[in-house]
Amino acid sequence: MSAVARAQGCCLFDTAIGPCAIAWADDVLAGVQLPETTRAGTLARLRRHVGAGVPECEPPSFVQGAIARIQALLAGAKDDLADLPLDLASVPPFHQRVYAVTRAIPPGEVLTYGEVARRLGEPGAARAVGQALGHNPFAPVVPCHRVLAAGGKSGGFSAEGGTNTKLRMLEIEQARLGQGPGLFD
């Protein structure tokens, strides 16, 4: 069953970086969306992933807990969110593998696209890793903002605001590159 077929509800919620959106099914998150320019735009982009007809409604308790943790992360808490259940049924297998590696990156740390590819056992797949992360329907639960281009360059970011949003999220997490100073020191 796909995420579109399973999503039962969705809602907007405020964070330190703006209004995010979340969708759920019985016991899994069907999608999470970082802020767009407007609240309506955020909800519309989420619904592109989970289905246009998914109703906006009050979230069940497990989703309220996920929202609280996402809000805390985007305010600087060191929560990797790795235990939040995701509906990956409609996600291609390669993307699932990329998301698993990405979910293992702790807040404040980063990998490059090439490092993710090597951890997958596919060292030549850096570009494919970037494409998978560009289609991530669960940001920031799948923390694609923690994956950089070679040499510590920001690389792309598909959320509203592009790389500025990515860098802001890394700044909130006080990201460190290797053992040296933080990204913004």
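These entries record what I looked up in the predicted model, from overall layout to cores and one histidine.

**Basis.** I worked on a predicted model, in which local features need pLDDT of at least 70, side-chain atom pairs count only at pLDDT 80 or more, and totals for chains, interfaces and linings use all residues. Numbering starts from 1 along each chain as its sequence is written, and side-chain values use heavy atoms, with hydrogens and water left out.

**Layout.** I counted seven helices and five strands, taken as DSSP runs (helices H or I, at least four residues; strands E, at least two) numbered from the N terminus. I read their order from the N terminus as α-β-β-β-α-α-α-β-α-α-β-α.

**Burial.** I found 50% of the 185 residues buried (under 20% relative accessible area, 1.4 Å probe, protein chains only).

**Cores.** I looked up the largest nonpolar core (buried Ala, Val, Leu, Ile, Met, Phe, Trp, Tyr and Cys residues joined through side-chain atoms within 4.5 Å). This core has 41 residues, and Ile22, Leu29, Val98, Val129 and Val141 have the most contacts inside it. Elements giving two or more residues to this core include β1 (9-15), β2 (18-24) and α3 (61-73). Helix α3 gives the most, five residues. I noted a second, separate core of 10 residues, with Ala7 and Cys10 among them.

**Val98 and His95.** Leaving out residues up to four places away in sequence, I listed Val116, Leu120, Val129, Ala132 and Leu133 as touching Val98 (heavy atoms within 4.5 Å). I placed His95 in helix α4 (residues 93-103). His95 is buried because its relative accessible area is 17%. With the sequence exclusion of up to four places, His95 touches Ala132 and His135.
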